[in-house]
Amino acid sequence: MPDPVPTVPRERQVLVIIPAYNEEASVGGVIEEVRALGPRFVPIVIDDGSADRTRRHAAEHGARVVSLPMNLGIGGAVQTGIRVAMRDGFGFCCQIDGDGQHIASELLRLVEAQESGGQNIVIGSRYVGGDASEGDRSTAMRRLGSRIISSTIALVFRGARVTDPTSGLRLLDRRAILLFAGDYPHDYPEPISIAVAIRHGLSVLDVPVSMRAREHGRSSIGGVKNLLYMFRVTCYIMLARLRTPREREE
């Protein structure tokens, strides 16, 4: 008789949110990497209105799939996953990109850091620590943009330190889940959500991680768009500082 599959209490499980838009070439590999981490990590693919076979490939690889009727963008897709985590009682959730850039095993570093320090949000950073190799491959403009956004957060929120505010590799605890289920930015969600979290008194920590080079598609931020992105994000961060905090109750 085979050994029973170990069970993990829901409050300790990590819902791994994989937002995917036309990622049929890579989403299956991402799911397999997550499943290899063990039963504590539960993959869910948020199919953001894909026109290819993303949904089919995700289901074939054993992931739970939520298909959105239209493309909502990264913010709407991630918040959909966060709301599932809230509704189903997960103690933690994390975001990992569907294009294969993130290395799923790095989630273990985020979980270890959270369990050691109890932070509400842990971000995988390319720009801290000697082994964050993706930082070396980023363009000079992208690194400059991250430094400007980080400096703005530190200035507006009195010394808050986040080295990689645009990283999509991040872990949320239950308190952050409850907040973002009802208050998650759809425009520039990665850096703006950090400002929202700090404004609500949540703690944020970044830890060094490695990332792969992008294999499919290309970043939507570059050239003039990069400058416009930085300008808008800094404005949103300053506006977030003026908002009245409202936290969602359990």
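Two strands count as paired if DSSP finds at least two bridges between them. I kept that cut-off in mind while reading this predicted model.

**Entry 1: the strands**

I started with strand β2, residues 41-47. I asked how many of its seven residues are buried. Six are, so I noted β2 as mostly covered, with buried meaning under 20% relative accessible area.

Next I looked up the partners of β2. Strand β1, residues 14-20, pairs with β2 in the parallel sense, and I found seven bridges. Strand β3, residues 64-67, also runs parallel to β2, joined by four bridges.

I then followed I46 in β2. On the β1 side, I46 has P19 opposite. On the β3 side, I46 stands opposite V66.

**Entry 2: the connections**

I traced the path from β1 to β2. Helix α1, residues 27-35, completes a β-α-β unit with these two strands, and the unit is right-handed. I did likewise for β2 and β3. Here helix α2, residues 54-60, makes up the right-handed β-α-β unit with them.

**Entry 3: a surface patch**

I turned to the surface. Which residues form the nonpolar patch there? I listed M141, L144, I148 and L227. Together they have about 310 Å² of accessible area.

Which helix gives the most to the patch? I noted helix α6, residues 140-156, with three residues.

I picked I148, found in α6, for a closer look. Its relative accessibility is 33%, so I148 counts as partly exposed. The patch cut-off is over 30% relative accessible area, and I148 passes at 33%.

Note on methods: Residues numbered from 1 in each chain as written. Predicted model: local features only at pLDDT ≥ 70, side-chain atom pairs only at ≥ 80, totals over all residues. Heavy atoms only, no water. Patch = residues over 30% accessible without salt bridge, like charges linked within 9 Å, V, L, I, M, F, W, Y side chains within 5 Å. Areas by Shrake-Rupley, 256 points an atom, 1.4 Å probe, with all protein chains shown as cover. Salt bridge = Lys/Arg side-chain N within 4 Å of Asp/Glu carboxyl O. Buried < 20%, exposed > 50% of the residue type's maximum accessible area, 1.4 Å probe, protein only. Right-handed = clockwise from strand over helix to strand, strands pointing away.
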